[in-house]
Amino acid sequence: DRLSSLTPPSLVGVGEKLTDSALRAALARTGPVHRTYLQVRMPKYRMTTQQVDALRDHFIRVDRVPELVPDPMRERRKLQDAHQELATVGPRLVTPDGFGCTSCHQIGSLIPDKAPVNARGPNLSMLGTRIRREWFERLVREPLRVLPGVEMPSLQIPVRGVLNNQLDLQIASLWNILNNRGFQPPDPNPTQWVRD
């Protein structure tokens, strides 16, 4: 597993993936380390603020998918995000009884110790501080299309009995709970889930 811990994560589409501020912090190496289980680190270069901003702007210009048509889902998402039920089912969706995020990703203090290093993903806590929601939604629906070679299942089938089996709502709920400061996933082996 040492070789896996020395393999850097893909930088494909990094300008599309990261928020502007997270991309700048990564280039300047001022942000925290998100994949603590990797032994490889990006080198730190002596760059001026202008050079870092020019590099950030380049990645955004080259990688970011332009919004050609206004997103009809944006207003719907705002309404969905405010819906009380989204907050109550989010914790289940990160567990193996939902989409299984905790199998490979750290969330809060829960670390996926059984996942091999080459299959581990980054910490998902407060994901929206560094990852753009548009990229996240494309990734979870078709991971291999967004990051070729990534070991991650696609979310194509909704979790039964949750939010009227609506995958869009479930993904919105997943995004919301991952961006809830202080969120700790429930016990990975509950005796049962109570359904509404």
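**Note on the predicted model: salt bridges, core and loops**

1. R132 and E134 form a salt bridge in which the closest N and O atoms are 3.6 Å apart. The model is a predicted one, and the distance should be read with that in mind. The two partners differ in exposure class: R132 counts as buried, since its relative accessibility is 16% and the limit for that class is under 20%. E134, with a relative accessible area of 28%, is partly exposed.

2. A second pair is E142 with R145, where the closest N and O atoms are 3.7 Å apart. E142 counts as partly exposed at 39% relative accessibility, and R145 is exposed, with a relative accessible area of 67%. Salt bridges with shared partners also join E16, R132, E134 and R138 into one network. The R132 to E134 pair of point 1 therefore has both of its residues in that network.

3. How many salt bridges does a search of the whole structure find? The search finds 10. One of them is between the side chains of R64 and D20, at 3.0 Å from N to O. R64 is in the loop between helix 4 and helix 5, whereas D20 belongs to helix 3, so this pair ties together parts of the chain that are 44 residues apart in sequence. D20 counts as partly exposed, its relative accessibility being 37%. As background, side chains of opposite charge can pair when their charged atoms come close.

4. On the fold as a whole, the protein chain has 9 helices and 0 strands. Read from the N terminus, its elements run α-α-α-α-α-α-α-α-α. Of its 196 residues, 38% count as buried. Contacts between residues at least 6 apart in sequence include a 65% share that joins residues at least 24 apart. The exposed area of the chain is about 12,000 Å², and carbon and sulfur atoms supply 55% of that area.

5. Confidence should be checked by element. The chain has an average pLDDT of 83, and 84% of the residues score at least 70. Which helix has the lowest confidence, and which the highest? Helix 5 is lowest, with a mean of 56, and helix 4 is highest, at 93.

6. Helix 9 covers residues 167-178, and its length agrees with expectation: at 1.5 Å a residue its 12 residues should span 16 Å, and its end C-alpha atoms are 16 Å apart. Is this helix mostly covered or mostly open? Helix 9 is mostly covered, with 10 of its 12 residues buried. Among the buried residues are L167, Q170, S173, L174, W175 and L178.

7. The largest nonpolar core has 35 residues, and the members that touch the most others are V94, F99, F136, L174 and L178. Elements that give two or more residues to this core are helix 3 (20-28), helix 4 (49-63), helix 6 (84-93), helix 7 (133-141) and helix 9. Helix 9 makes the largest contribution, with 7 residues.

8. F99 links several parts of the sequence. With neighbours within four places in sequence left aside, F99 is in contact with L93, L155, I157, V159, L167, Q170 and L174. Of these partners, L167, Q170 and L174 are among the buried residues of helix 9.

9. Two backbone angles deserve a look. M126 has a positive phi of about 55° although it is not a glycine, and L163, also not a glycine, has a positive phi of about 50°. For context, most residues other than glycine have a negative phi. M126 is in the loop between helix 6 and helix 7, and L163 is in the loop between helix 8 (143-146) and helix 9. Are these residues buried or exposed? M126 is buried, with a relative accessible area of 17%. L163 also counts as buried, at 4% relative accessibility.

10. The last point concerns the loop between helix 3 and helix 4, where Y45 is found. Y45 counts as exposed, with 52% relative accessibility against a limit of over 50%. Y45 and A28 are 17 residues apart in sequence, and their C-alpha atoms are 7.6 Å apart in space.

Terms used: Residues numbered from 1 in each chain as written. Predicted model: local features only at pLDDT ≥ 70, side-chain atom pairs only at ≥ 80, totals over all residues. Heavy atoms only, no water. Helix = DSSP H or I, 4+ residues; strand = E, 2+ residues; numbered from the N terminus. Buried < 20%, exposed > 50% of the residue type's maximum accessible area, 1.4 Å probe, protein only. Contact = heavy atoms within 4.5 Å. Areas by Shrake-Rupley, 256 points an atom, 1.4 Å probe, with all protein chains shown as cover. Expected span 1.5 Å × (residues − 1). Core = buried A, V, L, I, M, F, W, Y, C linked by side-chain atoms within 4.5 Å. Salt bridge = Lys/Arg side-chain N within 4 Å of Asp/Glu carboxyl O. pLDDT = per-residue confidence, 0-100.
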